[in-house]
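Biologist: I would like to learn how to read the features of a protein model step by step. Could you take me through this one, giving the general idea before each case?

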Amino acid sequence: MTDPLPFYRTLRDEHPLYYVAELDTYVLSRFADIWEVLAVDDGTFVASEGTLPAASVLAGQNSGPVPDPPLHPMPFHANFDSPIYDDVRRCTSAPFRPRKVTDLADRIRALANQRLDELLPRGTFDLTQDYGGIVAASVVCDVLGLPVDLAPDVLATVNAGSMARPGDGVEVANARPGYLEYLVPIVARRRADRSGGASPIVDSLIDHVLPDGTAFTDVEAATQMLGVFIGGTETVPKIVAHGLWELSRRPDQLAAVRADEFNVRKAREEMIRFCAPAQWFARTVRKPYTLHGVTIEPGQRIITLLASANRDEREYPDPEEFIWDRRIERSLAFGRGQHFCLGVHLARLEISIMVEEWLKRVAEYRIDEQAAWRPPSSFQWGWNSVPVDTRTKG
Ligand code: HEM
């Protein structure tokens with residue numbers, strides 16, 4: 001949990017299908033294997049125990065296939081297979097379609113510049129939390145219909161929630177009370193008063209009819225927004241801060257990226273490969289599947305170590321090197337198949353804009369490497385704190 005990368009390399013080289021008996025779970029670490037299994041879309045791999053099951057869930061052994069959970073009280077929809085999963089995911093997807101996301105560009109740029117107006121006169125601040133963190137949390141507030149002045153609180157709540165402790169793991173499906181304090185009132189307010197501007201996610205969830213003819217309660221509807229609330233807040237800021245740090249360590253690469261605004265988009269893809277903080281996601285197997293000569297039986301689980309795939313030397317030569325213009329033909333950083341990241345277009349746009357505006361406005365910057373902090377975690381292993389100094393010499 002403090003530095004998993006050497007373990008990933010050993011897994012890739014020596015145990016590409018590693019069985020963890022206490023969890024009855026197979027761990028996949030090679031890019032090609034994960035690419036193969038996540039493309040299977042016939043109900044073989046389903047997240048019926050969650051895409052991030054708690055350690056206590058994994059500790060239980062299943063004697064056969066695990067059915068979808070009961071409809072009520074409904075957990076996060078990722079735990080269901082199609083069609084329920086797809087129908088509910090569609091309720092939350094409208095603001096994240098490519099054209100809708102493009103419409104957010106001016107707003108994101110304005111938010112980034114507002115932050116820089118405030119931060120640059122200070123000279124020293126936290127690149128992860130104070131810059132990207134507040135911008136990303138503000139966008140989440142906008143999209144979900146929360147006032148943006150709650151962005152610092154949203155950021156702090158999500159940060160606290162993703163601190164995985166040894167033995168505990170993380171759990172998204174069981175709604176965490178701290179998150180629902182923000183999300184339930186959004187649903188309740190909207191249900192009471194549908195006037196005013198569009199609120200596409202909440203409106204679709206309120207209007208959604210489940211296969212048994214029932215609708216979501218306020219808590220159930222709020223629970224379906226957890227993915228956006230968490231995913232939209234916690235990943236992008238760590239990638240922006242860590243990516244700018246990697247560039248600052250390599251002045252030639254920094255100069256090359258600065259040379260042309262279009263280069264930021266290329267560098268962004270390497271930042272995502274190199275810095276993406278989510279380490280793994282799980283599926284529970286419903287139909288037998290054979291990999292490396294081993295048949296994984298219904299009820300057993302697989303863990304896809306995406307962070308290992310991002311550094312697989314079989315896919316990316318010299319994977320431990322940050323190379324801003326690396327050729328990236330295939331990527332697993334946003335997952336693949338059924339649970340492919342809902343926020344992929346927003347994430348790319350946010351990272352590009354935040355890096356562009358930073359490079360435009362900051363002539364020189366220095367990261368305090370000794371003070372940077374990345375808490376040990378089995379899940380979100382990313383640079384939570386990256387202190388930076390932007391005071392130029394003289
Ligand atoms: C560069 C930043 C990001 C990365 C690397 C990333 C990565 C991922 C990955 C790997 C998955 C798949 C999980 C699985 O296979 O079980 C995922 C799912 C998801 N992401 Fe992202 N994400 C990012 C940003 C965002 C943003 C900005 C949002 C905001 C909407 C978001 C929302 C979601 C949601 C809701 C899911 C769940 C999808 C589902 O299970 O249907 N992500 N993300």
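**Reading helices, cysteines and loops**

Modeller: Let us start with burial in one helix of this model, which is a predicted one: in helix α4 (residues 84–93), the residues I84, Y85, V88, C91, T92 and S93 are buried. The cover over the buried residues of α4 includes α10 (200–207).

Biologist: How are two packed helices described, and what are the values for α4 and α10?

Modeller: Two packed helices are described by the angle between their axes and by the distance between those axes. Here the axes of α4 and α10 come within 7 Å and cross at roughly 150°. Because an angle over 145 degrees counts as roughly antiparallel, α4 and α10 are roughly antiparallel to each other.

Biologist: Which residues of α4 and α10 meet?

Modeller: From α4 there are V88, C91 and T92, and these meet P200, I201, S204 and L205 of α10. Sorted by class, the residues of this contact between α4 and α10 are five nonpolar, two polar and no charged.

Biologist: At what angle do α13 and α15 pack?

Modeller: Helix α13 (residues 236–249) packs with helix α15 (residues 263–275) at an angle of about 105°, and their axes are 9 Å apart. Angles from 65 to 115 degrees count as roughly perpendicular, so α13 is roughly perpendicular to α15. On the side of α13 the contact is made by I239, H242, G243, L244, E246 and L247, while α15 brings M271, I272, F274 and C275. By class, the contact of α13 with α15 holds seven nonpolar, two polar and one charged residues.

Biologist: Why is helix α12 described as largely enclosed by the rest of the structure?

Modeller: The reasoning rests on counting buried residues: seven of the nine residues of α12 (residues 226–234) are buried, so this helix is largely enclosed by the rest of the structure. The buried residues of α12 are L226, V228, F229, I230, G232, T233 and E234.

Biologist: I also see cysteines in the sequence. How many disulfides are there?

Modeller: A disulfide is a covalent bond between the sulfur atoms of two cysteines. In a model one can look for pairs of cysteine sulfur atoms within 2.5 Å, and by this rule the count comes to zero disulfides. C141, for example, is in no disulfide, since the nearest cysteine sulfur, that of C341, is 18 Å away. C275 is in no disulfide either, and the nearest cysteine sulfur to C275, again that of C341, is 16 Å away. C141 is buried, with a relative accessible area of 0%, and C275 counts as buried at 4% relative accessibility.

Biologist: Where does C341 lie, and which atom does C341 donate to the iron atom of the ligand?

Modeller: C341 is placed in the loop between α16 (306–309) and α17 (344–361). Its SG atom, at 2.3 Å, makes C341 the only protein donor of the iron atom of the ligand.

Biologist: Finally, how should I read the loops, for instance around P75 and T214?

Modeller: One can ask where a loop residue sits, how exposed it is, and what it lies beside. P75 lies in the loop between α3 (55–59) and α4, and counts as buried at 15% relative accessibility. The C-alpha atoms of P75 and T223 are separated by 6.7 Å, although these residues are 148 residues apart along the chain. T214, in the loop between α10 and α11 (218–223), counts as partly exposed at 28% relative accessibility. Not counting residues up to four places away in sequence, T214 touches H72, H208 and V209.

Conventions: Residues numbered from 1 in each chain as written. Predicted model: local features only at pLDDT ≥ 70, side-chain atom pairs only at ≥ 80, totals over all residues. Heavy atoms only, no water. Buried < 20%, exposed > 50% of the residue type's maximum accessible area, 1.4 Å probe, protein only. Helix = DSSP H or I, 4+ residues; strand = E, 2+ residues; numbered from the N terminus. Donors = N, O, S within 2.8 Å, 3.2 Å for Na, K, Ca; no water. Axes fitted to C-alpha atoms, helices over the stretch in contact; angles between N-to-C directions. Parallel < 35°, antiparallel > 145°, perpendicular 65-115°, else oblique. Contact = heavy atoms within 4.5 Å. Nonpolar A, V, L, I, M, F, W, Y, C, P; charged D, E, K, R; others polar.
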